[in-house]
Amino acid sequence: MPRLSMQNLIMGSTALIAVLLVLYPVFFVVQVSLNVGDPGSRVITDYGFENYGDIWRNLGWLGNTFLVAVPSTLVAVAAGGMLAWIIHRTNVPMASVLDQLVLMPFYLTPLVGALAWNILGTPTSGLINIFWRGLTGLEGPLVNMNSVSGIVWVNALYEGAVAYAIITGAMKSMDPSLEESSQVLGAGKFQTLRNITFPLLRPALVGATALVFAEMLSSFSAALILGAPINFYVVTTRMYQLLAGYPADYPAAASLGIALSFFTSVAVWVYAWSIRGGSFVTVTGKAFRSRTIQFGAIRWLLLGFGVLYVFLSLFLPVAALVYASFLRFTTTILADAVFTLNNYRVVFANAATRTAIENSVILAFGTATIGVFFMTILSWVIYRTKVPGRELLEYVVMVPNGIPRIVFALGLLWAWIVIPIGVYGTLWLLLIAYITVSLPLGVRAISAVLLQLDRSLEESARVCGASWVKTMVTVTMPLLKPGLLSAWMLLFIVSVREVAASVLLVSANNKVIGPAIVGSWEVSGTQITAALSIIQSLIVLLVLLVVRRLTRQAS
């Protein structure tokens with residue numbers, strides 16, 4: 001077989017699989033949303049738009065979604081932008097340490113953060129309110145996390161790290177001479193920040209706002225944990241309620257998901273447009289060296305802002321979870337607290353939770369390992385070839401960014417129920433779901449390092465007679481090793497922390513840790529749920545440390 005035919009076979013089959021992974025469940029979501037007959041029937045005979053009409057009669061859920069998403073986005077982007085400026089543009093002490101710590105809330109996950117802040121801030125038994133009543137003698141709570149503001153707080157804390165990561169990239173590449181010129185002309189440091197730095201960062205700020213807003217519209221965990229006790233539902237939690245009930249109302253949930261996907265897709269399109277804009281160029285052929293703005297005593301206040309963010313998003317929630325995981329029983333009187341290791345014994349003694357932990361690790365390894373190879377070929381097809389349709393393939397790969405994960409899960413659920421291949425109810429279905437929803441993240445991460453690789457290195461191997469497969473294995477993959485390890489780590493962590501894409505797909509035979517934490521919160525005590533959350537966080541931390549060590553060695 002000619003070498004070119006093998007290359008075309010691999011690239012073509014990879015592209016076809018990617019298109020099917022994305023568009024197959026989307027087709028079923030749209031189909032189910034048009035079902036106006038028996039909502040539980042697998043065979044749809046009556047089609048219509050009545051389900052979409054029901055949305056307009058129940059705008060409360062959509063209104064609640066925006067009520068949470070808008071302020072959450074504004075706070076997250078403001079915090080992320082401020083942290084990026086403090087760490088990368090000022091002489092704040094311990095900037096490198098703070099840079100690493102600010103990213104840690106991304107690995108903690110919103111689900112774990114919501115559970116932690118539920119322990120800290122429930123009106124009656126929250127640890128903060130217990131301390132407050134003990135100090136002041138007042139009866140009312142200091143904070144109430146079971147509220148709209150509580151959901152906003154948690155979402156903003158944990159998406160602030162995402163905004164920080166996006167804005168940091170632009171901050172590092174901005175020529176500091178523009179800011180220096182402003183100060184030479186008499187502008188103060190904060191005036192320069194307002195009039196020069198932030199306007200130059202406008203594309204990054206717009207992109208961060210759009211992407212975070214899409215994430216907020218799709219958010220599930222915080223709204224479920226903090227909103228359910230007060231009967232406050234956003235679209236994603238309302239979909240979960242419709243599908244978890246008996247009988248499940250698939251058409252109503254699907255139409256809600258399609259409506260939400262319209263808004264998330266617009267936000268993702270704005271993000272894509274913002275990162276392609278070229279009207280705010282600040283990096284030219286002229287070399288520059290990044291310099292920091294020198295502050296006096298104010299730098300300690302700036303450090304305090306960064307430390308406060310890390311304390312509220314990382315150290316305080318983890319401390320609350322650790323505390324709760326060792327409690328024998330919940331008490332509002334701290335002096336009566338009794339500590340035990342039994343909660344962890346219960347977790348590992350329970351066959352269901354032990355299986356959920358094992359399945360999560362297996363799925364995460366499978367998703368990361370298969371995903372890295374699969375997404376490397378996709379990235380190579382999109383950014384290294386001139387085959388017709390590669391631009392369309394890029395758009396298809398990015399579709400999961402614009403569709404909430406619970407909507408994708410609904411499409412996969414329905415798609416594999418109607419096709420009796422034996423995938424439904426197994427880990428294979430979750431593996432398909434995880435790889436599909438991770439496509440945008442994996443392709444972006446791998447393409448970023450692929451584009452830094454000079455084509456001449458691969459071309460030299462081909463000129464010397466190496467086949468495309470051998471070139472990929474012996475040249476491309478080894479040179480991309482540090483980037484591929486980082487992508488592997490991201491895919492592993494995203495898979496372990498995944499909730500929305502798997503909460504509808506789990507069954508007695510394929511439990512995983514994210515939905516297990518949700519189920520424990522719904523039926524068990526806080527202590528068992530906290531222990532499960534700590535175990536999930538430790539798995540993520542262990543993999544993070546190992547892969548970072550391997551990445552440094554590979555570099």
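The following exercises, each with a worked solution, concern a predicted model of a protein chain.

**Exercise 1. Overall architecture**

Determine how many helices and strands the protein chain holds, and what share of its residues is buried.

Solution.
Step 1. The secondary structure comprises 24 helices and zero strands.
Step 2. Of the 555 residues in the protein chain, 52% are buried.
Step 3. Turning to contacts between residues at least 6 apart in sequence, 77% join residues at least 24 apart.

**Exercise 2. The nonpolar core**

Identify the residues with the most contacts inside the largest nonpolar core, and the helix that gives the most to this core.

Solution.
Step 1. The largest nonpolar core contains 167 residues, and Trp117 and Ile406 are those with the most contacts inside it.
Step 2. Helix α16, spanning residues 351–384, gives the most to this core, namely 12 residues.
Step 3. The surroundings of isoleucine 406 can then be listed. Neighbours within four places in sequence being left aside, isoleucine 406 is in contact with Phe220, Thr236, Met239, Tyr240, Ala500, Val503 and Leu504.

**Exercise 3. The salt bridge**

Locate the salt bridge found by a search of the whole structure, and establish which parts of the chain the pair ties together.

Solution.
Step 1. The search of the whole structure yields one salt bridge.
Step 2. Its partners are the side chains of glutamate 498 and arginine 405, at 2.4 Å from N to O.
Step 3. Glutamate 498 belongs to the loop between α22 (481–497) and α23 (513–523), while arginine 405 belongs to helix α18 (residues 405–418); the pair therefore ties together parts that are 93 residues apart in sequence.
Step 4. The accessibility of each partner is assigned next. Glutamate 498 has a relative accessible area of 5%, so this residue is buried. Arginine 405, at 28% relative accessibility, counts as partly exposed.

**Exercise 4. The environment of asparagine 129**

Describe the setting of asparagine 129: is this residue buried or exposed, and which residues does asparagine 129 touch?

Solution.
Step 1. Asparagine 129 is part of helix α6, residues 127–136.
Step 2. Its relative accessible area is 0%, and asparagine 129 is therefore buried.
Step 3. Residues up to four places away in sequence not being counted, asparagine 129 touches Leu120, Gly121, Thr122, Pro123, Pro141, Leu142 and Val143.
Step 4. For leucine 142, a polar approach can be specified: its backbone nitrogen lies 2.7 Å from a polar atom of the asparagine 129 side chain.
Step 5. For valine 143, the C-alpha to C-alpha distance from asparagine 129 is 6.7 Å, with the two positions 14 residues apart in sequence numbering.
Step 6. Threonine 122 may be examined from its own side. This residue lies in the loop between α5 (110–121) and α6, and its relative accessible area of 10% places threonine 122 in the buried class. Beyond its neighbours within four places in sequence, threonine 122 is in contact with Trp117, Asn129 and Asn146. Trp117 was already met as one of the residues with the most contacts inside the largest nonpolar core.

**Exercise 5. Aromatic rings**

State how many aromatic pairs the structure holds, and which residues ring pairs link into a cluster.

Solution.
Step 1. The structure holds 15 aromatic pairs.
Step 2. Phe66, Phe213, Phe262 and Phe263 are linked by ring pairs into a cluster.
Step 3. A ring may also lie beneath a charge: the charged end of arginine 497 sits over the ring of phenylalanine 106, at 4.7 Å from the ring centre.

**Exercise 6. Positive phi in loops**

Find where methionine 94 and asparagine 231 are placed, and state the phi of each.

Solution.
Step 1. Most residues other than glycine have a negative phi.
Step 2. Methionine 94 has a positive phi, near 55°, and is placed in the loop between α3 (60–89) and α4 (95–108). With 54% relative accessibility, methionine 94 counts as exposed.
Step 3. Asparagine 231 likewise has a positive phi, of about 60°, and is placed in the loop between α11 (221–227) and α12 (235–244). With 58% relative accessibility, asparagine 231 counts as exposed.

**Exercise 7. An exposed loop residue**

Characterise the contacts of asparagine 509.

Solution.
Step 1. Asparagine 509 is located in the loop between α22 and α23.
Step 2. Its relative accessible area is 63%, so asparagine 509 is exposed.
Step 3. Apart from residues up to four places away in sequence, asparagine 509 touches Asn359 and Gly425.
Step 4. The C-alpha atoms of asparagine 509 and threonine 426 are 6.4 Å apart, although 83 residues separate them along the chain.

Methods. Residues are numbered from 1 along each chain as its sequence is written. This is a predicted model: local features need pLDDT of at least 70, side-chain atom pairs count only at pLDDT 80 or more; totals for chains, interfaces and linings use all residues. Side-chain values use heavy atoms; hydrogens and water are left out. Rings of Phe, Tyr and Trp (its six-membered ring) pair if their centres lie within 6.5 Å; planes under 30 degrees apart count as stacked, over 60 as edge-to-face and the rest as tilted. A charge sits over a ring if NZ of Lys or CZ of Arg is within 6 Å of the ring centre and within 35 degrees of the ring normal. Helices (H or I, at least four residues) and strands (E, at least two) are DSSP runs, numbered from the N terminus. Buried means under 20% relative accessible area, exposed over 50%, partly exposed in between (1.4 Å probe, protein chains only). Contact means heavy atoms within 4.5 Å. A polar contact is a pair of N or O atoms within 3.5 Å; within protein, one must be able to donate a hydrogen and the other to accept it, and residues adjacent in sequence count only if both atoms are side-chain atoms. A nonpolar core is a set of buried Ala, Val, Leu, Ile, Met, Phe, Trp, Tyr and Cys residues joined through side-chain atoms within 4.5 Å. A salt bridge is a side-chain nitrogen of Lys or Arg within 4 Å of a carboxyl oxygen of Asp or Glu.
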